[in-house]
Amino acid sequence: SAKRIREMVLSDYGITVDNLCTFLPQDRVGSFSGFTAQKLLIETEKSLSTSQHLYKTHMELIAAQEELLSGHSNLESVQHKL
């Protein structure tokens, strides 16, 4: 559940995900206030890691979903990308 995930992140990493501004670089905080939930998630992923592995994986999943929804791909091409 979402509550369990929040508790795990707080206990394991000391991050209160209810208030993302508490752990983000201060130069990014101001721009976050006007974001949609989807944009906020993406920008948070970018801010969390120098390697941006989570962000890149998320973008690959979004692209795969868009391909599936558009009907321009087959199962083999999506499996290859994943």
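A helix here is a DSSP run of H or I with at least four residues, and helices are numbered from the N terminus. With that in hand, open up this predicted model and follow the chain from its N terminus: the elements run α-α-α-α-α. That's 5 helices and 0 strands.

**Stop 1: the whole chain.** Turn on the surface. You're looking at about 6,400 Å² of accessible surface, and 57% of that belongs to carbon and sulfur atoms. Of the 82 residues, 20% are buried. Among contacts with a separation of 6 or more, 5% come from residues 24 or more positions apart.

**Stop 2: helix H3.** Select residues 37-48. The 12 residues of H3 should span 16 Å at 1.5 Å a residue, and its end C-alpha atoms are 16 Å apart, so the two agree. Now color the buried residues of H3: Ile42, Glu43, Thr44, Glu45 and Ser47.

**Stop 3: helix H4.** Next, select residues 53-70. Try the ruler again: 18 residues at 1.5 Å each should give 26 Å, and the end C-alpha atoms of H4 are indeed 26 Å apart. Buried in H4 you'll find Tyr55, His58, Ala64 and Glu67. Just after H4, click on glycine 71, which has a positive phi near 75°.

**Stop 4: where H3 and H4 meet.** Show both helices together. Their axes come within 7 Å and cross at roughly 140°. Which residues of H3 meet H4? Show side chains for Leu41, Ile42, Glu45 and Lys46; their partners in H4 are Leu54, Tyr55, His58 and Met59. The residues of this contact divide into 5 nonpolar, 1 polar and 2 charged.

Definitions and conventions:
Residues numbered from 1 in each chain as written. Predicted model: local features only at pLDDT ≥ 70, side-chain atom pairs only at ≥ 80, totals over all residues. Heavy atoms only, no water. Axes fitted to C-alpha atoms, helices over the stretch in contact; angles between N-to-C directions. Helix = DSSP H or I, 4+ residues; strand = E, 2+ residues; numbered from the N terminus. Contact = heavy atoms within 4.5 Å. Nonpolar A, V, L, I, M, F, W, Y, C, P; charged D, E, K, R; others polar. Expected span 1.5 Å × (residues − 1). Buried < 20%, exposed > 50% of the residue type's maximum accessible area, 1.4 Å probe, protein only. Areas by Shrake-Rupley, 256 points an atom, 1.4 Å probe, with all protein chains shown as cover.
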